[in-house]
Amino acid sequence: LNVEVVNGSLQLGKYNSVSSNAAVASRDASYTDLDFTSFYDDTNWRITAIKQNGFRGNTYVTSFVAPDVVTVNQYSLAGLSSLPNMVLSQNVKTLAAYAFEKNSLMTNFYPQTMNNITIIRTAVFDGCTGLSETLSFPEATAIENSAFRNCSNLKGVSVPNVTSIGSQSFRSCSRIVGDVEFPEVKFVGESSFQYCNKITKFSFPNATTVGNNAFYPCTAVTNFYLPKAVSLGNHSFRDCKKLGDITLSADISSIGSYAFSTCSSLSNIFPRVFDSLSTVNQQCFYNCGSLKGTLSFPNVTVIGTSAFHSAAVEELILNDKITSFGSEAFRNCAFTNIVPQKFPELTSSGDNAFNGASKLVANFEFPLVKILRGFRGAAKLQSLKAPNALSIASEAFKSCASLKLVEFSASLTNISGN
């Protein structure tokens with residue numbers, strides 16, 4: 001038999017998909033306080049599941065108490081914008097995608113520990129801005145996209161066995177504070193912790209992949225521990241302005257554009273030698289004004305636009321296989337030395353590549369055909385040999401006060417003004 005609550009009346013019928021000791025509650029827009037505590041005593045039936053879309057969008061319900069419900073289907077209790085109180089079975093086993101989406105006033109949720117949930121589904125608590133508890137999922141192994149997005153008062157989530165965190169899963173959870181550890185997580189999705197601005201330390205001892213925007217910007221974080229991370233997405237740590245220390249894998253092979261852009265407090269990074277990188281992407285270390293010492297990239301062939309713009313790195317070790325320096329790649333860098341200084345494979349050096357690198361003592365040799373405005377303000381540049389150069393841009397060597405030797409092609413055809 002199937003017992004449904006439909007428009008305030010009970011209906012009986014065949015029900016074959018659930019055990020006989022089960023019933024499904026459907027939508028009822030006429031009640032405000034729905035309490036099914038005595039339903040079994042009254043009928044000898046237990047309401048154990050809520051139909052898909054069952055009470056979706058019901059703006060009248062202020063309390064929902066169903067202590068026998070173990071299955072909440074998609075959207076079934078979503079959009080209850082007047083509801084502060086939600087009680088389900090302590091043995092709840094299924095919370096489907098979007099189950100409680102946009103229940104913005106839901107402040108009391110029971111149970112807070114859900115031992116039988118194995119997957120935290122897409123957007124299940126998305127937009128529950130009033131939810132202020134710490135929720136525990138001891139057996140969950142995955143968090144899907146947007147699961148807790150915009151839960152701006154959520155104090156924390158305990159998921160000791162989760163191995164993957166979906167995109168935007170904790171985005172704008174701005175009340176989670178202190179140190180956060182995910183011991184088994186291997187994959188951190190896009191924007192998963194974006195705008196979590198009160199977390200001070202993240203620890204992912206087994207994570208290998210960090211998605212785009214994952215922690216952009218977590219303005220309070222000071223420490224990241226990712227000793228197995230081999231891939232960082234674009235903007236992954238951008239604008240984490242208090243980040244001082246980060247540990248990555250020695251075998252890291254991909255760091256996305258803007259990954260550490262404007263991490264102005266970053267002073268300690270491991271590794272310092274990036275053997276497995278082939279490209280330093282656009283604005284990767286832009287404005288890392290505390291990152292001093294030496295960085296080494298023995299196998300990199302491309303340096304992207306503004307990759308080290310305004311970085312505090314004092315020595316940069318590259319290799320003679322470099323093919324491209326992007327525009328402003330080293331602009332206003334603090335380094336005094338770059339190794340090597342002869343780049344026989346270099347085919348492109350963008351505008352302002354070394355502009356303002358005023359401390360760099362260098363004697364460069366490039367096979368470039370065009371010399372752009374690459375060295376303005378490189379006050380300690382001593383020489384440049386470019387035997388293939390056919391043109392020199394305006395202001396190419398402006399304020400290069402230490403320049404003693406310049407060599408170009410005998411077929412040089414153009415020298416622009418200034």
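**Strands, sheet and cavity in a predicted model**

Ala362 has Leu381 as its bridge partner in β34. The model behind this pairing is a predicted one. The two strands involved, β32 and β34 (residues 381-385), run parallel and are joined by 4 bridges. As for the general background, strands in a sheet pair through backbone hydrogen bonds, in either a parallel or an antiparallel fashion.

Strand β32 covers residues 362-365, and its side chains alternate. Ala362 and Phe364 point to one face and are buried, whereas Asn363 and Glu365 point to the other face and are not buried. That fits the usual picture: in a regular strand, side chains switch between the two faces of the sheet.

Zooming out, the protein's secondary structure amounts to 37 strands and just 1 helix. The radius of gyration comes out at 30 Å, well over the 22 Å that the globule rule gives for 418 residues, so the protein is more spread out than a compact globule. The box filled by the C-alpha atoms, taken along the principal axes, is roughly 100 × 35 × 30 Å. As for burial, 49% of the 418 residues count as buried.

Towards the start of the numbering, there is an open sheet to look at. Its 4 strands come in the order β4-β6-β8-β10, with parallel pairing. The edges are taken by β4 (33-35) and β10 (108-110); each has a single partner strand, so one side of each is left without a neighbour in the sheet. Ignoring direction, neighbouring strands of this sheet are turned by 5 degrees against each other on average. For the edge strand β4, the parallel pairing with β6 (residues 63-65) runs over 3 bridges. Within that pairing, Leu34 sits opposite Phe64 of β6.

Then there is the matter of empty space. In general, such space shows up when a probe the size of a water molecule is rolled over the atoms. Here, the structure holds 1 cavity of 30 Å³ or more, and the largest cavity has about 50 Å³ of space in it. Its lining brings together Ser349 and Gly350 with Phe366, Leu368, Lys370, Ile371, Leu372, Gly374 and Phe375. By residue class, the lining of this largest cavity splits into 5 nonpolar, 3 polar and 1 charged. Lys370 is the charged one, with Ser349, Gly350 and Gly374 as the polar ones.

Methods. Residues are numbered from 1 along each chain as its sequence is written. This is a predicted model: local features need pLDDT of at least 70, side-chain atom pairs count only at pLDDT 80 or more; totals for chains, interfaces and linings use all residues. Side-chain values use heavy atoms; hydrogens and water are left out. On a 1 Å grid over the protein atoms alone, a cavity is a set of points where a 1.4 Å probe fits but cannot get out, and a pocket is an open set with protein on both sides within 12 Å along at least five of seven lines; lining residues have an atom within 4 Å of a point. Grid points are joined across faces, edges and corners, and a volume is the space filled by probe spheres set on the points. Two strands pair if DSSP finds at least two bridges between them. Axes are lines fitted to C-alpha atoms, for helices over the stretch in contact, and angles run from 0 to 180 degrees between N-to-C directions. The radius of gyration is taken over C-alpha atoms; the globule rule is 2.2 Å times the number of residues to the power 0.38. Buried means under 20% relative accessible area, exposed over 50%, partly exposed in between (1.4 Å probe, protein chains only).
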